[in-house]
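User: Hi! Could you walk me through this structure? I'd like to start with the cysteines.
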Amino acid sequence: MADDSMDRIIDLKNDKSITIKQKTAGDVGCVVWDAALVLLHYLETEHFEESIGCLGLANKNVVELGSGTGVVGITAGVHKAQVTVTDLESFVPLMDENIIRNHLQQNVRAVTYKWGTDPSSLGVPPHPNLILFSDCIYYKEAVQPLVTTLKEICDEETNVVCSYEERTLGDNATSLELFLELIKKDFTVTEVPLEEMDSTYRSEDIHILHMRKISR
């Protein structure tokens with residue numbers, strides 16, 4: 001049977017690169033989407049460091065939600081963060097393979113996690129320093145569970161950074177509207193200006209949001 005996968009090499013700063021196995025067919029989570037590329041390169045910008053108030057990701061506890069291939073979390077791992085990449089059980093073997101390919105077993109691990117369920121199953125310290133997710137706001141029925149997870153896993157010091165591609169077909173637009181309506185009840189939401197994204201990996205159709213839980 002023909003292999004339905006391919007390797008994608010992604011160049012990072014300081015002559016680093018990562019190799020990501022992705023599928024040529026199958027679920028949407030099996031490929032590296034443009035919004036993920038924009039987000040992972042944003043993690044390497046000075047604007048990102050300024051926005052989260054620290055120099056670099058070294059030793060930060062990072063959780064990626066809806067990881068798919070794990071590409072965004074793996075990028076954080078290259079920068080020495082302690083990373084947990086998460087998705088449904090069917091994606092864990094692909095994430096594990098990509099972690100091994102990039103020799104990051106010491107600081108990146110893949111865990112099964114379904115949004116809206118008890119986040120203690122993640123096995124991470126309470127209230128990680130950074131939560132990442134990319135192109136996860138397109139199924140309307142998944143919005144409330146995602147918001148529930150963010151409310152439970154974050155405290156006022158947790159930085160949440162997400163990217164998404166602007167889409168107008170189907171439920172995509174209404175899903176985004178619902179997400180913003182719900183998340184703004186408990187989080188501040190700030191959009192990153194285009195000029196503060198990576199100078200090469202940016203697009204007017206792809207947005208990055210910073211979120212922080214509101215202190216009550």
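Analyst: Happy to. First a term: buried means under 20% relative accessible area, exposed over 50%, and partly exposed in between, with a 1.4 Å probe and protein chains only. This is a predicted model, where local features need pLDDT of at least 70, side-chain atom pairs count only at pLDDT 80 or more, and totals for chains, interfaces and linings use all residues. Residues are numbered from 1 along each chain as its sequence is written, and side-chain values use heavy atoms, with hydrogens and water left out.
User: Great. Is cysteine 154 buried or exposed?
Analyst: Cysteine 154 is buried, as its relative accessible area is 1%.
User: And how many disulfides are there?
Analyst: Zero, after a search of the whole structure. A disulfide here is a pair of cysteine sulfur atoms within 2.5 Å.
User: Why has cysteine 154 no bond?
Analyst: Because the closest cysteine sulfur, in cysteine 162, is 11 Å from the sulfur of cysteine 154, too far for a bond.
User: What about cysteine 136?
Analyst: Its closest cysteine sulfur is also in cysteine 162, 8.4 Å away, and that is too far for a bond. Cysteine 136 counts as buried because its relative accessibility is 11%.
User: New topic: how do α1 and α3 cross?
Analyst: The axes of helix α1 (residues 34-42) and helix α3 (residues 71-78) come within 9 Å and cross at roughly 15°. So α1 is roughly parallel to α3, a label for angles under 35 degrees (over 145 is roughly antiparallel, 65 to 115 roughly perpendicular, the rest oblique). The crossing of α1 past α3 is right-handed.
User: Which residues make the contact?
Analyst: On α1 they are Ala36, Leu39 and Leu40, and on α3 they are Val71, Val72 and Thr75. Contact means heavy atoms within 4.5 Å. By type, the residues of this contact are five nonpolar, one polar and no charged. Ala, Val, Leu, Ile, Met, Phe, Trp, Tyr, Cys and Pro count as nonpolar, Asp, Glu, Lys and Arg as charged, and the others, Gly among them, as polar.
User: Where does serine 67 lie?
Analyst: Serine 67 lies in the loop between β3 (61-65) and α3. Helices (H or I, at least four residues) and strands (E, at least two) are DSSP runs, numbered from the N terminus. Serine 67 counts as buried because its relative accessibility is 6%.
User: What is serine 67 in contact with?
Analyst: Leaving aside neighbours within four places in sequence, serine 67 is in contact with Val85, Thr86, Asp87 and Met95.

Technical notes
Axes fitted to C-alpha atoms, helices over the stretch in contact; angles between N-to-C directions. Left-handed = near helix turned anticlockwise from the far one by under 90°.
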